[in-house]
Amino acid sequence: MSAHFKWLALESIKKNFDVRETIILVFPTAFGYFEILSKIKFLPATLVISTSILILLVLFMFQIYKNFQKNKKAVAEVLETGYFNNFFRPFATELTNKLKMGNKLIFDFKNKKIPSAETSDVEVKIILPESKDKLDNIITAIDAITYDACVDNSFWVKAKLTDNSKVIIYECPRTLTAIEHHLINGETEYTNEESIKFHRYFTEKFMKDYSLTRFKFPVSSAV
């Protein structure tokens, strides 16, 4: 099913059908139209009834679509909240505080062929990809130029050690790869076209949370 019509899938209708909203809003609104149409004398009864049923169906479909969009946004925002509060904020806060105090950070690389680095010359690049395909490409690009490193026996990061002992940390929210497992129609293909909206919701929520902090790391959509 096309990404544009996934909200009409059976699983979506089951998930997004709201009994309370239907009783309070959909039925009364449809009945209101029925009363108005029934007072127009030249309209045949069959036309009044068929038109009222059509209005009821349109209202019902609008309810499903509205709730589907709301749930899509909720999935992205829940993932962002978990990522931001459980990883990014603690990591960025600790890193920022130590660098402001002039402390050197110790980077122990998982690949033991890479020597440990003790430095205060640290740069953090935050990358928020705009779609599923771009996320895959960015993760591949980061993995090609970085190594897993533990910072002060605390956080694991993707880091690049330059020739002049500078460390560049590339931070990309890999939790975005989990979006398709939380979708209403998780059994169907999660397309790149569909992912653009999820990534936008995630980025908007991230930037809102980020703006409330004092972090000054650059944020971009590409490596």
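Contact here means heavy atoms within 4.5 Å. By this criterion, helix α4 (residues 132-145) lies across strands β3, β5 and β6 of the predicted model. Helix α4 runs at about 70 degrees to β5.

The strands beneath this helix belong to an open sheet of seven strands. Their order is β2-β1-β4-β5-β6-β3-β7, and the pairing is mixed. In general, strands of a sheet pair through backbone hydrogen bonds, either parallel or antiparallel. The edge strands are β2 (117-119) and β7, each of which pairs on one side only. Helix α3 also packs on the sheet. It touches β1 (105-109), β3, β5 (155-161) and β6. The direction of α3 makes about 60 degrees with that of β5.

Strand β3 (residues 122-127) can be followed to both of its partners. It runs parallel to β6 (residues 167-171), and five bridges join the two. Within this pairing, I126 has E171 of β6 as its bridge partner. Strand β3 also runs parallel to β7 (residues 219-220), here with two bridges. In that pairing, I127 is partnered by S220 of β7.

The next feature is a pair of helices. Two packed helices are described by the angle between their axes and the distance between the axes. For α3 (residues 45-100) and α5 (residues 192-211), the axes come within 8 Å. They cross at roughly 45 degrees. The two helices are therefore oblique to each other, a class that takes in angles from 35 to 65 degrees. The crossing of α3 past α5 is right-handed.

Many side chains take part in this contact. From α3 come Q69, K72, K73, V75, A76, E77, L79, E80, T81, Y83, F84 and F88. They meet K197, F198, Y201, F202, K205, F206, D209 and Y210 in α5. By class, the residues of the contact divide into eleven nonpolar, two polar and seven charged. Among the nonpolar ones are F84 of α3 and F198 of α5. The charged ones include K72 of α3 and D209 of α5.

One further residue of α3 deserves a closer look. Q63 is found in this helix. Its relative accessibility is 1%, so Q63 counts as buried; the cut-off for buried is under 20%. Leaving aside residues up to four places away in sequence, Q63 touches N16, F17, D18, E21, T22 and V26.

Conventions:
Residues are numbered from 1 along each chain as its sequence is written. This is a predicted model: local features need pLDDT of at least 70, side-chain atom pairs count only at pLDDT 80 or more; totals for chains, interfaces and linings use all residues. Side-chain values use heavy atoms; hydrogens and water are left out. Axes are lines fitted to C-alpha atoms, for helices over the stretch in contact, and angles run from 0 to 180 degrees between N-to-C directions. Helices (H or I, at least four residues) and strands (E, at least two) are DSSP runs, numbered from the N terminus. Angles under 35 degrees count as roughly parallel, over 145 as roughly antiparallel, 65 to 115 as roughly perpendicular and the rest as oblique. A crossing is left-handed if the near helix is turned anticlockwise from the far one by less than a right angle, and right-handed if clockwise. Two strands pair if DSSP finds at least two bridges between them. Buried means under 20% relative accessible area, exposed over 50%, partly exposed in between (1.4 Å probe, protein chains only).
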